[in-house]
Structure formats: structure tokens, C-alpha cells
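Visitor: I'm new to this one. Could you walk me through it?

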Amino acid sequence: MKRIISLCLVALVATALQAQVQTQKVSTSEVKAQASTNAENFADIKFDTLRHDFGKFSKDDPIVKCVFNFTNVGTAPLIINAAMASCGCTVADYTKTPVKPGEKGVINVTYNGTDKFPGHFQKTISVRSNAKTPLVRLLIEGTME
């Protein structure tokens with residue numbers, strides 16, 4: 001009698017485990033299908049240029065500015081999360097609202113050479129977004145005389 005009860009319990013547990021494995025297989029295939037659907041809708045950022053050269057400018061007028069234009073070439077809205085400069089002498093301001101597919105946005109960069117040593121400089125601005133390539137680095141350079 002004990003053997004029959006033990007065999008029934010083992011059969012019941014095995015059936016329950018098999019049902020759980022089947023449920024996991026279905027869930028995994030649903031996740032893969034959803035991931036492929038999400039992959040079709042993505043934001044992508046394309047800059048007109050990744051580099052700006054201020055050339056030579058005077059230390060008597062040490063503040064210079066430039067604009068980096070970009071386009072969302074993806075199929076979903078593009079959101080810029082941050083635009084961080086490599087040092088405190090450079091400030092980046094960017095489009096804060098989502099950029100729809102096909103629309104343009106800007107990143108305004110200001111370099112302030114006040115109280116800095118004259119000479120050549122190179123600074124980077126790291127742009128983080130929800131784009132297919134989530135990190136893009138912009139470069140500014142120039143020579144303060």
C-alpha cells in the first residue's frame with residue numbers, strides 16, 4: 001500500500017514539473033517574439049558632424065560657442081539623457097524633449113577659456129541617449145592665443 005501511494009506521489013510531482021517546464025517554454029517564446037517586435041522600433045541618432053574646430057581665438061574674448069545638429073533616423077522617439085563635457089570649462093545644453101523620427105535636435109556647446117592657459121585644447125562631450133548606439137562622443141578643439 002505504501003508503495004502504491006509513493007508511486008502516485010512521484011507521478012503527481014513529475015506531472016506538475018512537466019507542466020511547469022511547458023509553461024516556461026511558452027513564456028520564453030513569447031519574450032523572444034516581443035523582443036523582435038521591439039527591435040523593429042528603435043531610435044537612432046545621426047550627427048551632421050562629430051567634430052568642431054574653433055580655430056584660433058583671443059584670450060581677451062575667451063568664450064566660444066558651437067552647435068551640433070542631429071537627426072533621429074530611427075523609428076521611435078529619441079531621448080537625450082545627458083550631454084556631459086570632459087571638464088568644467090565646457091558646458092553642453094541639449095534638446096530636452098523627445099525627438100520624433102525624422103526630426104532634428106541640437107546640442108549647444110560653450111567653451112569658456114577664462115583664466116585658462118593659452119594654447120591648443122581638445123574637449124569631448126559624451127552624449128547618452130536611448131539610441132541604437134547609446135553613447136556618442138563629440139569633439140571640440142581650438143587654440144586660444
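Guide: Here is a short tour, from the overall layout down to single residues.

Visitor: Anything I should know before we start?

Guide: This is a predicted model: local features need pLDDT of at least 70, side-chain atom pairs count only at pLDDT 80 or more, and totals for chains, interfaces and linings use all residues. Residues are numbered from 1 along each chain as its sequence is written, and side-chain values use heavy atoms, with hydrogens and water left out.

Visitor: Okay. What secondary structure does the protein have?

Guide: One helix and eight strands. The pattern along the sequence is α-β-β-β-β-β-β-β-β. Helices (H or I, at least four residues) and strands (E, at least two) are DSSP runs, numbered from the N terminus.

Visitor: How many residues does the protein have, and what share is buried?

Guide: There are 145 residues, and 30% count as buried. Buried means under 20% relative accessible area, exposed over 50%, partly exposed in between (1.4 Å probe, protein chains only).

Visitor: And the surface?

Guide: The protein exposes about 9700 Å². Carbon and sulfur atoms supply 58% of that area. The areas come from the Shrake-Rupley method with a 1.4 Å probe; for residues, only the protein chains shown count as cover.

Visitor: Now the sheets. What is the order of the open sheet that has E1 in it?

Guide: The order is E1-E3-E6-E5, with antiparallel pairing. Strands E1 (45-47) and E5 (90-94) are the edges, each pairing on one side only. Two strands pair if DSSP finds at least two bridges between them. The twist averages 25° from one strand to the next. That angle uses axes, which are lines fitted to C-alpha atoms (for helices, over the stretch in contact), and angles run from 0 to 180 degrees between N-to-C directions.

Visitor: How many bridges join E3 and E6?

Guide: Nine, in the antiparallel sense. Val 64 stands opposite Tyr 111 in E6 there. E5 joins E6 (residues 104-112) by five bridges, also running antiparallel. Thr 90 stands opposite Tyr 111, and Tyr 94 stands opposite Ile 107.

Visitor: Which way do the E6 side chains point?

Guide: They alternate. Gly 105, Ile 107, Val 109 and Tyr 111 point to one face and are buried. Lys 104, Val 106, Asn 108, Thr 110 and Asn 112 point to the other and are not buried. In a regular strand the side chains alternate between the two faces of the sheet.

Visitor: What about E5?

Guide: E5 side chains alternate too. Thr 90, Ala 92 and Tyr 94 point to one face and are buried, while Val 91 and Asp 93 point to the other and are not.

Visitor: And the order of the sheet with mixed pairing?

Guide: That is an open sheet of four strands, E2-E8-E7-E4. E2 and E4 are at the edges with a single partner strand each, so one side of each has no neighbour in the sheet. The twist here averages 15° from one strand to the next. E2 and E8 pair in the parallel sense over five bridges. Arg 51 stands opposite Leu 139 in E8.

Visitor: Switching to the inside. Which residues touch the most other members of the largest nonpolar core?

Guide: Phe 47, Ile 107 and Ile 140, out of 27 residues. A nonpolar core is a set of buried Ala, Val, Leu, Ile, Met, Phe, Trp, Tyr and Cys residues joined through side-chain atoms within 4.5 Å.

Visitor: What does Phe 47 contact?

Guide: Leaving aside neighbours within four places in sequence, Phe 47 contacts Phe 68, Asn 69, Phe 70, Ile 107, Val 127, Val 136 and Leu 138. Contact means heavy atoms within 4.5 Å.

Visitor: How many disulfides?

Guide: Zero. A disulfide here is a pair of cysteine sulfur atoms within 2.5 Å. Cys 66 is buried at 7% relative accessibility, and Cys 89 is buried at 9%.

Visitor: Last one. Is Asp 115 buried or exposed?

Guide: Exposed, with a relative accessible area of 78%. Asp 115 lies in the loop between E6 and E7. Its phi is positive, about 60°, although Asp 115 is not a glycine.
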